[in-house]
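Reader: I am new to this structure. Please take me slowly through one part of it.

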Amino acid sequence: MRSSSVARILFPSILLLLLFHFIPLQAFSMTWKATWQDILNGGPRRWKVDDIAAKQIALSHILEHSVAPSDSTRSSMRILCPLAGDDTFVHYAWSHGHDVVAIDIVPEALEAMRLQFGAAEDWTFSMTDEGTLWKHKSGRASLYEGDMMMKRNALVNYFDAVYDKDSFGALTFDLRSKYCERLSDYLKDNGTLYVEVKNKTTGRDEQGPPFHVEKQDLMEESSFGKCFEHVVSLGEVYKIDWPTAIQTGRVLRRVARK
């Protein structure tokens with residue numbers, strides 16, 4: 001695939017995850033082929049945010065609300081980016097000294113992400129029981145190619161922070177519980193969860209994704225409420241090209257394990 005085509009990826013991982021869980025494999029493959037072609041042809045830009053200022057905002061909120069004991073610790077955090085697609089936040093955080101791990105089920109999305117780091121030969125991969133694992137030569141960036149819902153023991157209690165851009169708000173209600181469970185597994189005690197969701201000004205009851213999400217949706221006992229506390233509502237975090245929705249942010253904290 002040409003890099004010019006890959007660069008137009010529009011956060012396909014959510015669609016693929018939904019299809020993977022609800023459509024038989026043969027039908028899924030056929031459906032996803034058509035879905036992916038629509039993405040490459042420049043489908044609706046509901047997910048894509050390339051503005052580096054938005055990534056700066058996200059990282060600044062993560063650092064501000066971190067409970068890391070020192071500035072030196074905050075300058076080299078372990079950050080998880082679930083269902084990342086080709087989100088440029090991963091490279092941005094890495095370029096500012098942080099260790100980053102992304103998980104996505106779409107090979108083309110992770111290919112696009114790797115190209116953001118430079119030469120393709122700077123990456124090596126291995127086949128593991130937990131999916132294909134790509135590692136950057138710096139030792140500070142890893143990409144898991146596989147199902148986000150799979151528990152990866154190597155990641156348990158490993159991360160200082162999680163960056164979730166629209167992932168929670170794109171999942172159907174029956175998938176949210178397992179997703180939140182995985183994030184609670186992977187975050188350290190008192191770890192920071194930065195989550196961005198859509199707040200719709202109209203059509204709040206319409207079918208998603210993306211779904212309209214408020215605090216009570218995030219803090220349902222079956223979602224983040226069991227293992228997280230709500231720290232702060234950030235309101236609108238940056239402008240998006242969507243006349244009936246705003247991009248809002250919230251910070252949650254992983255409560256200490258008993």
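Reader: Start at Asn157, then follow the strand that comes after it. By its relative accessible area, is Asn157 buried, partly exposed or exposed?

Author: Asn157 is partly exposed, because its relative accessible area is 39%. The scale is simple: under 20% is buried, over 50% is exposed, and partly exposed lies in between (1.4 Å probe, protein chains only).

First, some ground rules. This is a predicted model, where local features need pLDDT of at least 70 and side-chain atom pairs count only at pLDDT 80 or more, while totals for chains, interfaces and linings use all residues. Residues are numbered from 1 along each chain as its sequence is written, and side-chain values use heavy atoms, with hydrogens and water left out.

Now the setting. The protein has eleven helices and nine strands. Both are DSSP runs numbered from the N terminus: helices are H or I with at least four residues, strands are E with at least two. Of the 258 residues, 53% are buried. Contacts (heavy atoms within 4.5 Å) often span the chain. Among those between residues at least 6 apart in sequence, 68% join residues at least 24 apart.

Back to Asn157. Asn157 sits in the loop between E5 and E6. Its phi is positive, about 55 degrees, although it is not a glycine. Next comes strand E6, residues 159-165. Seven of its seven residues are buried, so E6 is largely enclosed by the rest of the structure.

What lies beside E6? E1 runs parallel to E6, joined by two bridges. Strands count as paired if DSSP finds at least two bridges between them. In that pairing, Ile79 has Ala161 of E6 as its bridge partner. Strand E7 (residues 187-200) is also parallel to E6, with six bridges. There, Lys165 is partnered by Glu196 of E7.

Just past the strand comes Asp166, in the loop between E6 and helix H8 (167-170). Asp166 also has a positive phi, about 70 degrees, and is not a glycine. Asp166 counts as buried because its relative accessible area is 2%.

Now look at the packing. A nonpolar core is a set of buried Ala, Val, Leu, Ile, Met, Phe, Trp, Tyr and Cys residues joined through side-chain atoms within 4.5 Å. The largest one has 29 residues, and Ile79, Cys81, Phe89, Val90, Met113 and Tyr163 touch the most other members. E6 is among the elements giving two or more residues to this core, as are strand E1 (78-82), helix H6 (89-95) and helix H7 (107-116). H6 gives the most, with five residues. In soluble globular proteins, nonpolar side chains tend to be buried together.

Cys81 shows how this core meets E6. Leaving out residues up to four places away in sequence, Cys81 touches Phe89, Val90, Val101, Ala102, Ile103 and Tyr163. There is a second, separate core of 28 residues, which includes Val101, Phe159, Cys180 and Leu193.

Tyr163 has another role in the picture. Together with Phe89 and Tyr194, Tyr163 forms one aromatic cluster. Rings of Phe, Tyr and Trp (its six-membered ring) pair if their centres lie within 6.5 Å; planes under 30 degrees apart are stacked, over 60 edge-to-face, and the rest tilted. The whole structure holds nine aromatic pairs. One of them joins Phe117 and Trp123, edge-to-face at 5.2 Å centre to centre, with 85 degrees between the planes. Phe117 and Trp123 are buried.

What about the cysteines? Zero disulfides turn up in the whole structure; the test is a pair of cysteine sulfur atoms within 2.5 Å. For Cys180, the nearest cysteine sulfur is that of Cys227, 9.4 Å away. Cys180 is buried because its relative accessible area is 3%. Cys227 also counts as buried, at 19%.

H7, another contributor to the largest core, rounds off the view. Its buried residues are Ala109, Leu110, Ala112, Met113 and Arg114. The charged end of Arg114 sits over the ring of Trp134, 3.5 Å from the ring centre. That label needs NZ of Lys or CZ of Arg within 6 Å of the ring centre and within 35 degrees of the ring normal. After H7 comes Gly118, with a positive phi near 120 degrees.
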